[in-house]
Amino acid sequence: MMRPRRLKWLLFVATIVAGAAFAVEDQVTAALFSALRPGDALPASWTLRDSPNIKAHTRYALVDDGGVTVLRAEASSAAAGLGRNLSVNPAQHPWLRWRWKISNLIEQADLNTKEGDDFPVRLYVTFDYPLERLSFFERNKIRLARAFFDPELPAATLCYVWDGKAPAQSIVPSVYTDRVRLIIAESGPARVGQWVVVERNIAEDFRAAFGEEAPPVSGVIVATDTDNTGAKATAFFGDILFYKQTLINKTPGKTPAP
């Protein structure tokens with residue numbers, strides 16, 4: 001006959017396992033840099049994303065920060081993203097949570113001009129947006145861009161940025177294409193040098209940016225770019241995960257305190 005103490009222990013373990021399984025089902029992992037070791041090669045699922053006219057690439061590496069492995073991005077008159085493909089249903093996992101840190105803002109940056117379109121940190125969420133929803137002109141423009149530059153070019157993208165001047169929470173189209181909407185997730189110098197946790201409801205953000213329901217997510221890209229301004233920037237990215245529910249009690253879309 002099993003002893004009561006042994007039975008209680010087994011029930012406790014079963015509860016923990018069940019809870020862990022539930023937690024896994026409630027989230028989709030985009031990046032778990034903290035599970036890797038500093039100096040390791042980047043995961044094969046993450047690849048460099050650039051364009052033909054980029055002369056110098058942003059450098060990415062896994063480094064230690066306070067005992068936790070994070071992704072460091074360094075750019076000097078350079079640009080390139082680091083991204084991975086994955087499928088997420090925004091209706092099931094609408095909450096995106098990550099943390100980032102910057103060493104400096106880019107003084108010359110101006111999101112209203114192509115010459116100033118640089119950011120110390122960006123986090124893109126790309127969507128599998130059906131081309132048939134676009135106008136004839138927009139469809140052909142994207143097909144042309146896919147044929148000559150990137151066969152996986154998305155037709156709709158949310159780009160979360162840390163800007164030095166624009167008001168936080170504002171949404172503006174990219175100066176290059178209105179199929180990319182910039183969302184100012186953090187603004188100003190107050191938290192430069194500090195880790196900032198960001199949580200966003202991508203379903204609500206897509207609706208606010210494009211005026212319709214969000215299609216499936218097709219990928220995530222992180223980036224630090226300074227090619228237009230010729231500046232230097234160093235940034236760090238922590239883990240990136242999608243969740244079914246918010247992890248903190250807050251107003252949807254508002255950036256939480258770290």
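Buried here means under 20% relative accessible area, the cut-off to keep in mind for the views that follow.

**View 1. The whole chain of this predicted model, with strand 10 as a way in.** Strand 10 is mostly covered, with 7 of its 8 residues buried. Across the chain as a whole, buried residues make up 45% of the 258 residues. In all, the chain has 3 helices and 13 strands. Of the contacts with a separation of 6 or more, 76% are between residues 24 or more positions apart. The accessible surface comes to about 13,400 Å², and carbon and sulfur atoms account for 56% of it.

**View 2. Confidence along the chain, and the two stretches to read with care.** The mean pLDDT is 87, and 87% of the residues reach 70 or more. Residues 1–23 have a pLDDT below 50, and this stretch has 2 contacts in the model beyond near neighbours in sequence. Over residues 250–258 the pLDDT also stays under 50, and here the model has 29 contacts beyond four places in sequence.

**View 3. An open sheet of 7 strands with mixed pairing.** Reading across, the strand order is 2-5-12-7-8-10-9. Strand 2 (47–49) and strand 9 (171–173) are the edge strands, each pairing on one side only. On average, neighbouring strands of this sheet are turned by 30 degrees against each other, direction ignored. Helix 3 (residues 202–210) packs on the sheet and touches strand 7 (119–127), strand 8 (156–163), strand 9, strand 10 (180–187) and strand 12. The direction of helix 3 makes about 100 degrees with that of strand 8.

**View 4. Strand 10 between its two partners in the sheet.** Strand 8 pairs with strand 10 in the parallel sense, over 7 bridges. Strand 9 pairs with strand 10 in the antiparallel sense, over 3 bridges. Strands 9 and 10 form a hairpin, with 6 residues between them. A good residue to find in this view is R181 of strand 10: it is the bridge partner of L158, and also of P173.

**View 5. Strands 5 and 12, side by side in the same sheet.** Strand 5 (residues 81–88) and strand 12 (residues 217–225) run antiparallel and are joined by 6 bridges. Look for V88, which stands opposite V217 in strand 12. Both of these valines come back in the next view, as contacts of F242.

**View 6. F242 and the largest nonpolar core.** This core has 54 residues, and those with the most contacts inside it are L96, W100, L123, Y160, I240 and F242. In soluble globular proteins, nonpolar side chains tend to be buried together. What is F242 in contact with, leaving aside its neighbours within four places in sequence? Its partners include V88 and V217, along with L86, V220 and I202. W95 and L96 are also among them, as are H93, D26 and Q27.

**View 7. Strand 11, covered on both faces.** All told, 6 of the 6 residues of strand 11 (residues 196–201) are buried, so this strand is largely enclosed by the rest of the structure. In a regular strand the side chains alternate between the two faces of the sheet. Here V196, V198 and R200 lie on one side, with V197, E199 and N201 on the other, and all are buried. Strand 6 (residues 95–102) runs antiparallel to strand 11, and 6 bridges join the two. One opposite pair to look for is W98 with V198 of strand 11.

**View 8. Two loop residues with a positive phi, S77 and Q169.** Most residues other than glycine have a negative phi. S77, not a glycine, has a positive phi of about 50 degrees. Its place is the loop between strand 4 (68–76) and strand 5, and at 36% relative accessibility S77 counts as partly exposed. Q169 has a phi near 80 degrees and lies in the loop between strand 8 and strand 9. At 34% relative accessibility, Q169 is partly exposed.

**View 9. R143 in helix 2.** Helix 2 spans residues 136–148 and holds R143. Is R143 buried or partly exposed? R143 has a relative accessible area of 45%, which makes it partly exposed. The C-alpha atoms of R143 and L153 are separated by 8.8 Å, the two residues being 10 apart along the chain.

Terms used: Residues are numbered from 1 along each chain as its sequence is written. Side-chain values use heavy atoms; hydrogens and water are left out. A nonpolar core is a set of buried Ala, Val, Leu, Ile, Met, Phe, Trp, Tyr and Cys residues joined through side-chain atoms within 4.5 Å. Buried means under 20% relative accessible area, exposed over 50%, partly exposed in between (1.4 Å probe, protein chains only). Contact means heavy atoms within 4.5 Å. Two strands pair if DSSP finds at least two bridges between them. Helices (H or I, at least four residues) and strands (E, at least two) are DSSP runs, numbered from the N terminus. Axes are lines fitted to C-alpha atoms, for helices over the stretch in contact, and angles run from 0 to 180 degrees between N-to-C directions. Accessible areas come from the Shrake-Rupley method with a 1.4 Å probe; for residues, only the protein chains shown count as cover. pLDDT is the predictor's confidence in each residue, from 0 to 100.
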